[in-house]
Amino acid sequence: MELNNFILSVEEGIGWLKVNRPKVLNAFNTETILELEKAIESLENDSAVKVIIVTGEGEKAFVAGADIAEMSDMDAVRARAFSQTGQRVLAKIENVEKPVIAAINGFALGGGCELALACDIRIASEKAKLGLPEVTLGIIPGFAGTQRLARVCGAGKAKELIFSGGMIDAASAEKIGLVNKVVAPENLLEEAKKLAGKIMANGPLAVRIAKTVINRGLDSNFQTGQAYEAEAFGVCFSSGEPKEGMGAFLEKRKAEW
Ligand code: CO8
């Protein structure tokens with residue numbers, strides 16, 4: 001697949017998606033967002049890919065936000081369309097039926113923080129800096145950051161970060177639950193790979209269903225989410241996975257999926 005703004009590769013079950021616009025700290029213009037959609041679709045349809053890892057090219061940035069040069073020319077109609085496109089693409093990441101890990105190697109600001117929030121799990125380098133600085137530019141987060149940050153960190157922390165437009169370091173991001181884990185920069189990709197390996201050792205359908213149930217549950221109330229969980233629990237038994245998983249446990253061997 002021809003992509004101008006991403007490096008896409010598949011290795012040992014992992015689909016690596018590297019944002020590649022280092023001259024502008026991997027900022028997202030419209031072309032990059034549309035390419036992200038294509039890249040995710042391709043990884044979704046590739047049966048060799050079990051887990052996706054998203055990261056940024058270069059030492060400095062994961063993604064430093066939407067491309068400010070492109071946005072500076074927008075009128076209200078284009079800005080609304082840009083926001084809707086970004087929301088659609090990030091929703092695709094959130095709902096792709098494979099786990100997605102963000103390996104945050106540097107600045108994850110604005111749309112970059114929103115990209116990380118759309119991933120299932122976030123691992124950050126000690127050098128990473130995160131924030132939603134949109135109000136410093138006279139705009140607000142537009143790729144669902146107002147919604148996802150409040151869900152991930154709670155409304156109070158989300159409001160503090162969004163209203164102040166400030167950046168926080170990786171350790172502070174871990175404290176508020178914005179990232180799962182902080183690691184040394186040189187270990188970042190290895191840690192992400194290790195986690196992907198742990199996930200891939202498990203029943204692939206079970207992991208996929210668990211992701212869907214968690215996501216749908218977050219969109220609904222507890223009772224509805226719980227009822228959906230029971231239905232999905234039943235669906236697990238329609239595949240060969242429980243037989244293999246439980247059989248392997250009882251026979252004291254490793255499951256073969
Ligand atoms: N867009 C475009 N270019 C960028 C961006 C960006 N977001 N970030 C960095 N760049 C460019 C710089 O202009 C610079 O280019 P040049 O070398 O040609 O001057 C190059 O990248 C390197 O950047 P700096 O020289 O600024 O590097 P520093 O180390 O001094 O600073 C920072 C790094 C702190 C990350 C700084 O670049 C910065 O503050 N960047 C902007 C961060 C930001 O505000 N991001 C949020 C953007 S708004 C957004 O994401 C909204 C998303 C939702 C949109 C909704 C639809 C309307």
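**Helix packing and domain contacts**

In the predicted model, helix α3 and helix α9 (residues 204-218) pack with their axes 10 Å apart and at an angle of about 130°. An angle of this kind falls outside the ranges for roughly parallel, roughly antiparallel and roughly perpendicular pairs, and α3 and α9 are therefore oblique to each other. On the α3 side the contact is made by Ile93, Glu94 and Asn95, and on the α9 side by Lys211, Asn215 and Arg216. Sorted by class, the residues of this contact comprise one nonpolar, two polar and three charged.

Helix α3 (residues 76-95) also packs against helix α4 (residues 111-118), where the axes come within 8 Å and cross at roughly 30°. Because angles under 35 degrees count as roughly parallel, α3 is roughly parallel to α4. In this pair, Leu90, Ile93 and Glu94 of α3 meet Glu114, Leu115 and Ala118 of α4. The contact of α3 with α4 contains four nonpolar and two charged residues, with no polar ones. Ile93 and Glu94 of α3 thus appear in the contact with α4 and in the contact with α9.

The domain assignment divides the chain into domain 1 (6-200) and domain 2 (204-250). A distance of 27 Å separates the C-alpha centres of the two domains. Across the boundary, 11 residues of domain 1 are in contact with six residues of domain 2. The area buried between domain 1 and domain 2 is about 630 Å², of which 45% lies on carbon and sulfur atoms. Within domain 1, the residues that lose the most area to domain 2 are Asn95, Glu97 and Arg151, which together account for 56% of what that side buries. Asn95 is also one of the α3 residues in the contact with α9.

Two salt bridges are counted between domain 1 and domain 2. The side chains of Lys211 and Asp120 form a salt bridge, with an N to O distance of 2.8 Å. Lys211 is, in addition, among the α9 residues in the contact with α3.

The total count of salt bridges in the model is 14. Another of the pairs joins Lys18 to Glu57, with the closest N and O atoms 3.2 Å apart. This pair links distant parts of the chain, 39 residues apart: Lys18 lies in strand β2 (residues 14-19), whereas Glu57 lies in the loop between β3 (51-56) and β4 (61-63).

How values were computed:
Residues numbered from 1 in each chain as written. Predicted model: local features only at pLDDT ≥ 70, side-chain atom pairs only at ≥ 80, totals over all residues. Heavy atoms only, no water. Axes fitted to C-alpha atoms, helices over the stretch in contact; angles between N-to-C directions. Helix = DSSP H or I, 4+ residues; strand = E, 2+ residues; numbered from the N terminus. Parallel < 35°, antiparallel > 145°, perpendicular 65-115°, else oblique. Contact = heavy atoms within 4.5 Å. Nonpolar A, V, L, I, M, F, W, Y, C, P; charged D, E, K, R; others polar. Domains from an automatic or database assignment. Buried area = accessible area lost by both parts, 1.4 Å probe. Salt bridge = Lys/Arg side-chain N within 4 Å of Asp/Glu carboxyl O.
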